[in-house]
Amino acid sequence: DNAEDKWGPKWVFNIADGTMSGSETYQFHELSVTSSDDAFNAICRKVTKDMTQFCNKYFKMESYVLELGEADKKGAIADLWIAGGTEMGISNGTIFKVLVEKKIGPKVTRSQIGQVIAKEVSDGVTRCEIMNKKEGEVIKQAFNDGQTLYVELDRKRGDGLKDVGRMFGF
């Protein structure tokens, strides 16, 4: 059977100033399934993907690297400090992508150079461990070259933002 459904519109408001940030109608269509289990699983996958995109569009959590941690005897770094902490909803276990800007013609894009996980969260700053040693070398080189390193919540890896998720019902 094919399924088609539509909900909406849904409005997103900035509660600080009352302005509307956006409006979306949610829909899925042409869901081809052969059983109720297949339908349930397909809908869960689609809704999860769509909610991730929705949150990234309207509630994007991003920051930047403040400084690198101490280097070991071989010069490798294992951690870094990012701007933002408990006031942003970050908790231990929150996973971020580390991004660097790249200019391609007239466009500026960001590409991922690593991943970090929050290990020590306080108000205003968070210490994160670099998840891969090779990525640590790339991060160190980019930072030492004077590039601004951005961090963005990695919603695909399990974001660790339990309190924020509860606020939005997921």
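Here's a quick briefing on the strands, salt bridges, one helix and a surface patch in this structure. Keep in mind that it is a predicted model. A search of the whole structure turns up 6 salt bridges, and several of the residues involved sit in the β5–β6–β7 part of the chain or pair with it.

**Strands and hairpins**
- Strands β5 (residues 95-104) and β6 (residues 107-121) run antiparallel and are joined by 10 bridges.
- Across that pairing, Glu101 faces Arg110 of β6.
- The β5–β6 hairpin has 2 residues between its strands, and Gly105 there adopts a positive phi near 60 degrees.
- β6 also runs antiparallel to β7 (residues 125-130), this time with 5 bridges.
- Here Glu120 is the residue opposite Arg127 in β7.
- With 3 residues between the strands, the β6–β7 hairpin has Gly124 at a positive phi near 105 degrees.

**The Glu62–Arg110 salt bridge**
- Glu62 and Arg110 form a salt bridge, with 2.8 Å between the closest N and O atoms.
- Since Glu62 belongs to strand β3 (residues 62-68) and Arg110 to β6, the pair ties together parts that are 48 residues apart in sequence.
- Glu62 comes out as partly exposed because its relative accessibility is 36%.
- Arg110 is partly exposed too, at 31% relative accessible area.

**The network around Arg127**
- Arg127 makes a salt bridge with Asp79, at 3.2 Å from N to O.
- Arg127 is in β7 and Asp79 in strand β4 (residues 79-83), so this contact links parts 48 residues apart in sequence.
- Arg127 is buried at 17% relative accessible area, and Asp79 is buried at 15% relative accessibility.
- Arg127 also has a salt bridge to Glu129, with an N to O distance of 4.0 Å.
- Glu129 is partly exposed, at 32% relative accessibility.
- Through shared partners, salt bridges join Asp79, Glu120, Arg127 and Glu129 into one network.

**Helix α2**
- Helix α2 (residues 133-144) has 12 residues and spans 17 Å from its first C-alpha to its last, close to the expected 16 Å.
- Gly136, Ile139 and Ala142 are buried in α2.
- Looking down the axis of α2, the buried residues fall within an arc of 130 degrees, so they line one face of the helix.
- Lys133, Lys134 and Asn144 are exposed residues on the face turned away from that buried side.

**A nonpolar surface patch**
- Ile43, Val47 and Met51 make up a nonpolar patch on the surface, together offering about 190 Å² of accessible area.
- Met51 is part of helix α1 (residues 36-58), and its 31% relative accessibility makes it partly exposed.

Key:
Residues numbered from 1 in each chain as written. Predicted model: local features only at pLDDT ≥ 70, side-chain atom pairs only at ≥ 80, totals over all residues. Heavy atoms only, no water. Pairing = 2+ DSSP bridges. Helix = DSSP H or I, 4+ residues; strand = E, 2+ residues; numbered from the N terminus. Patch = residues over 30% accessible without salt bridge, like charges linked within 9 Å, V, L, I, M, F, W, Y side chains within 5 Å. Areas by Shrake-Rupley, 256 points an atom, 1.4 Å probe, with all protein chains shown as cover. Salt bridge = Lys/Arg side-chain N within 4 Å of Asp/Glu carboxyl O. Buried < 20%, exposed > 50% of the residue type's maximum accessible area, 1.4 Å probe, protein only. Expected span 1.5 Å × (residues − 1). Arc of directions from axis to C-beta.
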